[in-house]
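Student: I should like to work through this predicted model by question and answer. Please reason each answer through before giving the value or name.

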Amino acid sequence: MIYFLQTLVGGLGMGAVYALVAMGFSIVYRTMGLVNFAHADVVMIGAFLAATLFVTMHLPFVVAITLAVLLTAVIGLGMERILRPLESKDLNLMLIGTIGFGIMLQSVAIVIWGSFGIAVPTPIPNVPIDVGGVIVTTYQLFVLAVAGIVMLLLYLFLDRTKLGTAMQAAAMDRSAATAMGVNVSTSNAVAFAIGSAIAAVAGALVGPLLYVNPTLGVYVGIKGFAAAILGGFGSIPGAIVGGLIFGLIEAFAAGPLSAYSELLTFVVFALAMMVRQTGIFGERTVDRA
Amino acid sequence: MQMARLRILAGLTIAALVAFACGGTTGTGAIASPSAAATASPTPDPIRVTLIGSFTGQNADLGNWMWNGVKLAVDEANAAGGVNGRKIDLIKYDDQGQPTIATDLAQRAISEKTVMVYGANLSTLSLAMIPILTAAKIPQITSGQAPALLQQNSPYIFIDSTTSVVFDQTLAKYVLNTMKLNSIAMISNNGTYGKGEHDSFLAELTKAGVTPTADKVIAPDVKDFTAVLTEIRGTNPKVLFIGAEEVQSGLIAKQARSLGISATFVGAAPIGTPTFVQTAGVDVAEGSVMTSPYLSNDTNAKTKAFAAAYQKAFNSEAEFHGAKAYDGMSIFIQAMKKTSDLSGPKLIEAVRSITYEGLLGQFKYDEVGLGLHATQIGILKAGKIVAQ
């Protein structure tokens with residue numbers, strides 16, 4: 001029982017990170033119908049920025065994470081601006097553009113930070129708290145809390161603000177929204193900025209759990225992408241649930257067949273997708289294609 | 001809906017293709033300098049030595065340390081007039097930690113008429129290159145230390161330190177006889193290096209009649225160990241043996257402590273590296289027991305001189321991997337000086353005829369390719385190795 005609960009706690013920690021990555025994929029997809037393949041590398045850039053500000057420049061972790069989020073959001077805006085001419089031509093071109101942008105980000109990271117990577121110390125005293133035999137660390141609670149706040153903020157933005165509602169409208173019917181006075185380009189740019197900002201949060205949080213290097217995006221990004229699909233691509237609640245479930249599948253797969261846990265995780269994922277092809281929450285909000 | 005899914009699929013395929021293509025091009029990115037005017041050149045042809053190592057990815061540290069050690073040995077030899085008047089032309093290729101790229105690079109080195117290959121820094125990749133280099137009669141010296149390297153029945157493979165068998169014999173004896181602890185849990189990965197560590201350490205425990213409290217195997221790419229560490233915690237061990245590379249070892253130690261495991265960490269060379277200490281954190285690494293043939297730069301006059309030269313050349317602190325690569329390359333340079341014929345069969349004969357007093361100790365290569373036959377024990381104190 002303790003083993004079960006301990007694995008559950010471990011799975012939720014990484015699951016929250018996957019959920020954040022999945023939300024970044026989904027916000028861009030639901031707004032534009034675009035899969036942003038650079039997203040995994042944006043996570044990596046966010047992680048490097050936060051790690052540099054925190055480890056090298058000795059800023060407090062909260063300041064480092066905030067600055068990293070802002071800088072990464074600017075990178076997101078830049079990416080959308082550079083790729084915008086492609087959007088009006090063909091969305092598939094833009095998709096390939098994001099792949100190129102991702103490769104560029106990885107190369108830039110190697111040029112700036114080298115291929116060695118940075119080991120990030122845990123920012124808050126990582127005290128193990130014993131809850132009836134199950135160990136929860138303070139940093140795990142911190143990760144869950146930050147992830148929860150980000151999810152809540154995103155929900156409030158999309159549901160309660162004018163810009164958020166306009167973005168949903170642009171996602172549902174681009175021409176109708178334009179006719180109603182919604183600026184679709186702004187809507188797309190905001191989606192990219194928000195997606196990148198959330199990616200930076202995920203990257204900053206995962207740094208102390210793992211190790212920040214230029215291939216971090218591959219490790220976290222693929223799983224975040226799978227989590228988004230599992231939850232229902234484009235759905236924000238789906239991204240959250242998908243992320244948490246994916247973290248749990250991974251944690252439990254690591255027990256019985258630890259040497260082949262990655263394989264087992266993706267086999268379970270593939271089986272789940274066969275049973276329910278649209279993911280848990282389906283594609284309710286977006287139907288652009 | 002259908003279109004959307006198709007689009008995702010298409011995107012994924014493209015992403016995979018692009019990633020693959022990129023891997024290919026950057027892997028063979030280094031361009032060989034065209035051999036200087038082969039015709040009426042007044043100076044004799046240089047001796048081509050190819051180094052294949054990981055310069056990108058998670059094991060880039062290992063590749064760079066190996067390169068630094070080899071480069072220092074070659075630069076010193078060239079500055080002293082080269083090998084019988086011929087300069088050594090050292091070139092490096094990046095295997096990216098991928099066996100397929102490493103074998104491709106080995107083929108390329110052969111076609112470029114290399115005299116020997118230094119590499120790879122990972123055992124798995126070195127193993128992959130052995131059949132190709134042995135068939136071409138090209139001597140290969142590797143920084144890998146998996147016992148499997150010496151079981152290939154090839155006279156052309158040499159290892160520049162010693163195998164996990166020797167490391168783990170020393171380590172197991174220290175834990176059982178000096179620390180007098182026999183409540184030992186094991187965690188190791190199933191890559192070639194981790195498997196070698198696992199098998200050798202377990203063999204020593206079995207010999208002493210000790211059964212580990214837990215024996216967990218993980219995949220080399222995994223970074224979250226909550227599940228296996230929870231099981232290990234349940235067995236309440238006094239010692240946790242870690243058989244994995246630097247970063248993964250550091251993450252295991254860090255996560256073990258945060259789950260409340262208080263066992264002393266023990267392991268081979270990766271446990272003593274700065275990468276391990278940084279990844280785990282100085283506090284977590286404190287008191288860890290490691291074994292290595294090269295404990296510190298202050299061991300003797302030879303290691304001090306090496307560390308000073310290394311610092312001057314690369315502006316970074318020398319460590320074990322650089323030292324063993326320096327020894328390995330120095331032995332080959334001495335062998336090249338000894339034989340006028342640099343063909344593979346003659347060169348390996350010369351290497352085996354040498355007794356070399358290096359930074360790591362005395363080297364005398366046997367028929368399977370093992371040169372060094374002992375290691376030392378160290379304990380981490382405030383992030384530094386203290387000899388025992």
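Student: Which pattern does chain A follow, read along the sequence?
Tutor: Chain A has 11 helices and two strands. Read along the sequence, these elements give the pattern α-α-α-α-β-β-α-α-α-α-α-α-α.

Student: What share of the contacts in chain A with a separation of 6 or more comes from residues 24 or more positions apart?
Tutor: Chain A has 289 residues, of which 57% are buried. Contacts here are pairs whose C-beta atoms lie within 7 Å. Among those in chain A with a separation of 6 or more, the share from residues 24 or more positions apart is 75%.

Student: How many helices and strands does chain B have, and what percentage of its residues count as buried?
Tutor: The secondary structure of chain B comprises 13 helices and 14 strands. A residue is buried if 20 or more other C-beta atoms lie within 10 Å of its own. Among the 388 residues of chain B, the buried part is 55%.

Student: Which element gives the most residues to the side of chain A that touches chain B?
Tutor: The contact takes 39 residues from chain A and 39 residues from chain B. On the side of chain A, at least two residues each come from helix H1 (2-32), helix H4 (91-113), strand E1 (128-131), strand E2 (134-137) and helix H11 (261-275). The side of chain A that touches chain B divides into 22 nonpolar, 13 polar and four charged residues. With six residues, the element that gives the most is H4(A).

Student: Why is helix H7 of chain B described as largely enclosed, and which elements of chain A help to cover its buried residues?
Tutor: Helix H7 (residues 226-234) of chain B is largely enclosed by the rest of the structure because seven of its nine residues are buried. Among them are Val228(B), Leu229(B), Ile232(B) and Arg233(B). The cover from chain B includes E6, strand E7 (214-218), E8 and helix H8 (246-258). From chain A, the cover includes H1 and helix H10 (236-253).

Student: Against which elements do the buried residues of H5(B) pack?
Tutor: Helix H5 (residues 164-178) of chain B has 15 residues and reaches 20 Å from its first C-alpha to its last, close to the expected 21 Å. Its buried residues include Phe167(B), Leu171(B) and Val175(B). They pack against helix H6 (192-207) and strands E6 (184-189), E8 (239-243), E9 (264-267), E10 (289-292) and E13 (376-381) of chain B.

Student: Which residue just after H5(B) takes a positive phi, and which does so just after H7(B)?
Tutor: Just after H7(B), the residue is Asn236(B), with a phi of about 50 degrees. Just after H5(B), where phi is about 55 degrees, the residue is Lys180(B).

Technical notes: Residues are numbered from 1 along each chain as its sequence is written. Chains are lettered from A and ligands numbered from 1 in the order in which they are written. This is a predicted model: local features need pLDDT of at least 70, side-chain atom pairs count only at pLDDT 80 or more; totals for chains, interfaces and linings use all residues. Helices (H or I, at least four residues) and strands (E, at least two) are DSSP runs, numbered from the N terminus. A residue is buried if 20 or more other C-beta atoms lie within 10 Å of its own, exposed if 12 or fewer, and partly exposed in between; C-beta atoms are placed from the backbone. Two residues are in contact if their C-beta atoms, placed from the backbone, lie within 7 Å. Ala, Val, Leu, Ile, Met, Phe, Trp, Tyr, Cys and Pro count as nonpolar, Asp, Glu, Lys and Arg as charged, and the others, Gly among them, as polar. The expected span of a helix is 1.5 Å times one less than its number of residues.
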